[in-house]
Amino acid sequence: MNVNISAQPAAKAPPAVLVKDSTDRTFKADVIDASKEAPVLVDFWAPWCGPCRTLSPTIEKVVNEKAGKIRLVKINIDENPSIAGQLGVQSIPAVFAFAGGRPVDAFIGAYPESEVRKFADKVIAAAGPGQPAAGSIEEEIKAAMTAATEALGAGDLNTAAQIFGMVLQHQPDNADALIGMARVYLKAGEGQQAQAVADTIPEPARKGADYTSLIAELKLLTEAASLSETEELEAAIEANPDDHQVRFDLALALNAEGKRVEAAEQLVTLMKRDRTWNDDGARKKLLEFFEAWGAKDPATLKGRRLLSSLLFS
């Protein structure tokens, strides 16, 4: 991943301490402020993490080789979860590079020494003199958001979370990044965390299609939480095809599993059998599905065709 969020050129004076441990409390001084003098790598690790024990000595070796051109800060996420959470760290080892007071790049996993050296060299070069001037912070955040959204769409949740986290580190109230982070948690099956992030979206930003879709999806997930497994519901429908409540519940359960088209088909089937059931409840829930999925989602398009065929047949 290569996301640059407004790194201003850093001074080349070597730091007094090349490798040090830090905490959530001292993060600003050790990383944000220090990165204005020289780039800083932040190694998020934990004692139980085997790959971390492999990577940490490698990073230390590379940093010491650079003789002050870059420094290393190590943060134990078990003892200091706050900053890791803000940056969207979901797996470790995770290494973030800071320059000019801002996060500029990152990688996940136990990179071999050669790749760690390339990464460090790239960060040093980007922060050194003679480099092209960085674009405005607004431009860089826009580019970062595009990259995060593409990663989310491709199912690369770790990358998406890291980039959204970088944006939120600089702009904690960025509604688009908060919505994106909530969607990362949703796709990861962590509904409670998704709701917690959604609750932090500033009140004035609680509008628009993306926010409405997120809230609708969270509502549907909550409704499905107490339902039986889809296999049980399918068996009950097979035994009694006219049990409309069970078919309705099956649609909710299928949607929660990501089987959107199948969920829409169940609601359309319910409408065919009894359009008036529960005060036209099947159609109303189908419209909630469309709102949660988004107007351009393939399942929404298919569901609307099914609904139109039924209503106008």
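Student: How many strands does the open sheet have, and in what order?

Tutor: Read a sheet by listing its strands from one side to the other. In this predicted model, the open sheet has 5 strands. Their order is β1-β3-β2-β4-β5, and the pairing is mixed.

Student: Which are the edge strands?

Tutor: Look for strands that pair on one side only. Here they are β1 (19-21) and β5 (102-108). From one strand to the next, the twist averages 25°.

Student: How many bridges join β1 to β3, and do the two run parallel or antiparallel?

Tutor: There are 3 bridges, and the strands run parallel. Strand β3 covers residues 71-76. Take Val-19: its bridge partner in β3 is Leu-72.

Student: Which strands does helix α4 touch?

Tutor: For a helix on a sheet, check the contacts, then the direction. Helix α4 (residues 113-127) packs on the sheet and touches β2 (40-45), β4 (94-99) and β5. Its direction makes about 165° with that of β5.

Student: And what does helix α6 touch?

Tutor: Helix α6 (residues 157-170) also packs on the sheet, touching β4 and β5. The angle between the directions of α6 and β5 is about 165°.

Student: Now a single residue. Where does Asp-249 lie, and is it buried or exposed?

Tutor: Asp-249 is in helix α11, residues 244-256. It is buried.

Student: Which side chain of opposite charge is nearest to Asp-249?

Tutor: For a buried charge, look for a partner. Asp-249 has no salt bridge. The nearest side chain of opposite charge is Lys-285, 9.1 Å away. A salt bridge needs the charged atoms within 4 Å.

Student: What is Asp-249 in contact with, beyond its neighbours within four places in sequence?

Tutor: Leu-227 and Leu-233.

Terms used
Residues are numbered from 1 along each chain as its sequence is written. This is a predicted model: local features need pLDDT of at least 70, side-chain atom pairs count only at pLDDT 80 or more; totals for chains, interfaces and linings use all residues. Side-chain values use heavy atoms; hydrogens and water are left out. Helices (H or I, at least four residues) and strands (E, at least two) are DSSP runs, numbered from the N terminus. Buried means under 20% relative accessible area, exposed over 50%, partly exposed in between (1.4 Å probe, protein chains only). Lys and Arg count as positive and Asp and Glu as negative; His and the chain ends are not counted. Contact means heavy atoms within 4.5 Å. Two strands pair if DSSP finds at least two bridges between them. Axes are lines fitted to C-alpha atoms, for helices over the stretch in contact, and angles run from 0 to 180 degrees between N-to-C directions.
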